[in-house]
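Work through the exercises below with the coordinates open. Each task is followed by a stepwise solution.

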Amino acid sequence: MIRADDRELKELEKDLKTFGDRAFPFASKATLNRSAFEAQKIIRKDINVKMVTRNQFTERSVLVDQTRTLQVSRQAATVGSIAPYMDDQEFGATHV
């Protein structure tokens with residue numbers, strides 16, 4: 001009869017559960033920040049394609065505010081422009 005010693009396997013399973021719970025906030029933080037920077041890259045490319053710009057201010061005005069907390073319920077990363085005219089550009093405006 002063959003007997004398997006699974007004590008080491010059970011110890012590894014316990015470690016995985018412990019470290020998995022601790023690692024999740026870091027993984028979600030990294031994912032949110034990576035997604036925000038990817039969105040910034042897409043938006044900047046879109047500005048170059050769809051807008052006529054005189055300089056690089058409009059493109060460089062698109063910034064990322066990263067999440068810094070490990071509390072998952074409070075994590076948020078935002079992407080937006082600091083250029084004052086981008087609201088009019090995005091949502092449309094008429095000036096008389």
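A salt bridge here is a side-chain nitrogen of Lys or Arg within 4 Å of a carboxyl oxygen of Asp or Glu. The model is predicted.

**Exercise 1.** Test the pair Asp46 and Lys50 against the salt-bridge cut-off.

Solution.
- Step 1: take the N to O distance, which is 3.8 Å.
- Step 2: the cut-off is within 4 Å, so Asp46 and Lys50 form a salt bridge.
- Step 3: place the pair. Asp46 and Lys50 are four residues apart in helix H1, so about one helical turn separates them.
- Step 4: check accessibility. Asp46 is partly exposed at 36%, whereas Lys50 is exposed at 65%.

**Exercise 2.** Repeat the analysis for Lys17 and Glu13.

Solution.
- Step 1: the closest N and O atoms are 3.9 Å apart, and a salt bridge is formed.
- Step 2: both residues lie in helix H1, four residues apart.
- Step 3: Lys17 is exposed at 56%; Glu13 is partly exposed at 43%.
- Step 4: set the pair in context. The whole structure has four salt bridges.

**Exercise 3.** Classify Ala36 as buried or exposed, then list its contacts beyond four places in sequence.

Solution.
- Step 1: locate Ala36 in helix H1, residues 7-50.
- Step 2: its relative accessible area is 5%. Buried means under 20%, so Ala36 is buried.
- Step 3: Ala36 contacts Val64, Ala77 and Val79.
- Step 4: compare sequence and space. Ala36 and Thr78 are 42 residues apart in sequence, with C-alpha atoms 6.5 Å apart.

**Exercise 4.** Which residues make up the largest nonpolar core?

Solution.
- Step 1: the core has five residues, namely Ile47, Met51, Val62, Ala83 and Met86.
- Step 2: follow Ile47. Its contacts beyond four places in sequence include Val62 and Met86.

Key
Residues are numbered from 1 along each chain as its sequence is written. This is a predicted model: local features need pLDDT of at least 70, side-chain atom pairs count only at pLDDT 80 or more; totals for chains, interfaces and linings use all residues. Side-chain values use heavy atoms; hydrogens and water are left out. A nonpolar core is a set of buried Ala, Val, Leu, Ile, Met, Phe, Trp, Tyr and Cys residues joined through side-chain atoms within 4.5 Å. Buried means under 20% relative accessible area, exposed over 50%, partly exposed in between (1.4 Å probe, protein chains only). Contact means heavy atoms within 4.5 Å. Helices (H or I, at least four residues) and strands (E, at least two) are DSSP runs, numbered from the N terminus.
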